[in-house]
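I opened the model to look up how its helices cross and how its chains touch. My entries follow in the order in which I made them.

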Amino acid sequence: MTEIPITADSPTGVAISRTGLLFAGLGLVALALPLVQFKPNRIVLGEGISLTAALGPPGWVVLLGLAVALLIGVTDRASLPIRLAIGVAGVAAAFLILGAAVRNLTPPDNNLARVSPAAGFWLLLLAFALMMADALSRMRLSLRLRWLMLAAVLAMLAAILWSGWLDGVSVMREYAARQDLFHRESLRHLILAFGSLGAAILVGLPLGILIYQVPRLKRAVLGVLNILQTIPSLAMFGLMIPLFGWVAATVPGAASIGVAGIGIFPALVALFLYSLLPVVSNTVVGLNGVSPATKEAAYGLGMTDAQVLGQVLIPLALPVLLAAVRIVLVQNIGLAVIAGLIGGGGYGTFVFQGLNQTAMDLVLLGALPTIALALTAGIALDLLVEALDHRKRRRDAP
Amino acid sequence: MARLLLAAAALFLVLFLASPESFAGLFRPFVTNNAPAIYTQTGLLSLTLSHLGLVGVAVLASTVVAVGLGILVTRPAGREFLPLARTVTSIGQTFPPVAVLALAVPILGFGAWPTLVALFLYGLLPIFENTLTGLTNLPPEVSEAARGMGLTRRQRLVQVELPLAMPLILAGIRLSAVISLATATIGSTVAAKTLGEVIIAGLLSSNTAYVVQGGLVVGLLAILIYEAFQALETRTARRIGLARR
């Protein structure tokens, strides 16, 4: 990738950061929009309430503070670490303000009224999160520091959630009403995403190695896997139910090892089938990417086929393999939501229940953890891929 | 051989959509208890057209916005946004389309709109990413030559940079169209009129024939659109004198 130098100084001498201008614009629009929505009960539409209306007179101080923070980002005097700090603090502030607004608005001894985040909150969060991401992407931090940043941001969000400050927010009320179920479905979701990934690696890796050694098979195998990808997920999940129902009923012993047409099994298989293509094709690409000279050298050292494969080829192909793991994991975390539609469990249970009852807070209870999980997995695996790449490059360098 | 198969698939799709009832025998084996083998609540053809319409509008809108943004962040005026644009694209692609769809419902209500918005947002990313790659990885000699010929910035963009990036941009549109085609089926859970309706009806009444025919039509459409775009990419690449990347 070619890098283009960023020159922020304008010829007039007044340095204005264009990205800062974007974030400030977003943030100021956010402040003008309703921060939260007040609903008499969980399924009706509510009315929007602005930050100042929700917080009363102190709201103006908060509003001013946020506006100043956003405007500091516009001047180019603010160095990248300062921007990063404003971004992180802004994200935290958005959540704290949300909690405060909900506390102020929820009438005492009224269990029906709900206060949920509205457009203003989401946009404010977006503005500060973008500011944070922009500063981070330009600071070129070392890998170690980026891991620390990820951990710190996650810890900050976890601390806000655990402190109970947000317990009054509508989504958290939905959570409180079904804590046990939520934990069970979370576990289900993780089993769906990671289980199918594990199975895909167990099957896909040997299959990829086989194709690498017998290139004749490549077209046929990848062709079949490609066609599998074109089946829409809804239909794929739907087809697994009768298929495994039939298998469980007719193949002796199948039911006793867990094969069933209902529950988690069909969903797991559907996700597994979608995961195969990235794993197999990246295995082949990774192995093909190892230079013939390296391979010859390994054989020249007297290594056996198995040793060359295990000690040379696979370690060198690892970054490409890991890239497949990232694709599959992020994709499966998202697709696992659809399992909720066929009784496979996971966060989709809440999403589709919420859609059926038009209870949007319940939809959020399913959608938000899914997004958080996918984001975290995506970022963590990106860092991991980069770490491996670094190590490989350092080893390759003389 | 591959062409023949594709032509056969296209022919089958057209005939099936024109007269689904004549293929009832094909789906009979999936039916139990004498349930109907072909979905008739809404015509399959009209569902297909509305499905394609939804995807078409969303992908068109994504293309216009994504290519526009791609051009913007590679011009001197927008270069400051490039690192941000890269980060947002890679993070945005981790957002699950189903979750985006679910989040759009509280804001936009039920119907076609949330699906359209989710498809649009999700479709932006692959096109934008490919436009960026295409516009930033031009061979330096070519840019040099274009400058040397005295072309203005606008001429360079329209006559040199965009045509050279075109195969990659098309690949991005292809990716986005295929993802949208599959994601649109989920739109039926929020009352958009798509082929997902057939699959969901099948799930609700345990009628596998419905699930199969819904999935079959969407799958065939995806394959045909994928191949059509790939053919277009090859042709464009050949026209600008590049070997297929």
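**Helix crossing and chain contact**

I looked first at α8(A) and α11(A), whose crossing is right-handed (clockwise turn of the near helix from the far one by less than a right angle; left-handed if anticlockwise). Helices here are DSSP runs of H or I with at least four residues, strands are runs of E with at least two, and both are numbered from the N terminus.

I noted that this is a predicted model, in which local features need pLDDT of at least 70 and side-chain atom pairs count only at pLDDT 80 or more, while totals for chains, interfaces and linings use all residues. Residues are numbered from 1 along each chain as its sequence is written, and chains are lettered from A and ligands numbered from 1 in the order in which they are written.

The axes of α8 (residues 179–213) and α11 (residues 264–288) of chain A come within 6 Å and cross at roughly 40 degrees, with axes fitted to C-alpha atoms over the stretch in contact and angles running from 0 to 180 degrees between N-to-C directions. The two helices α8(A) and α11(A) are therefore oblique to each other (neither under 35, over 145, nor 65 to 115 degrees).

I then turned to the chains: 40 residues from chain A and 40 residues from chain B form the contact, counted where C-beta atoms placed from the backbone lie within 7 Å. On the side of chain A that touches chain B, α15(A) gives the largest share, nine residues.

Definitions and conventions. Contact = placed C-beta atoms within 7 Å.
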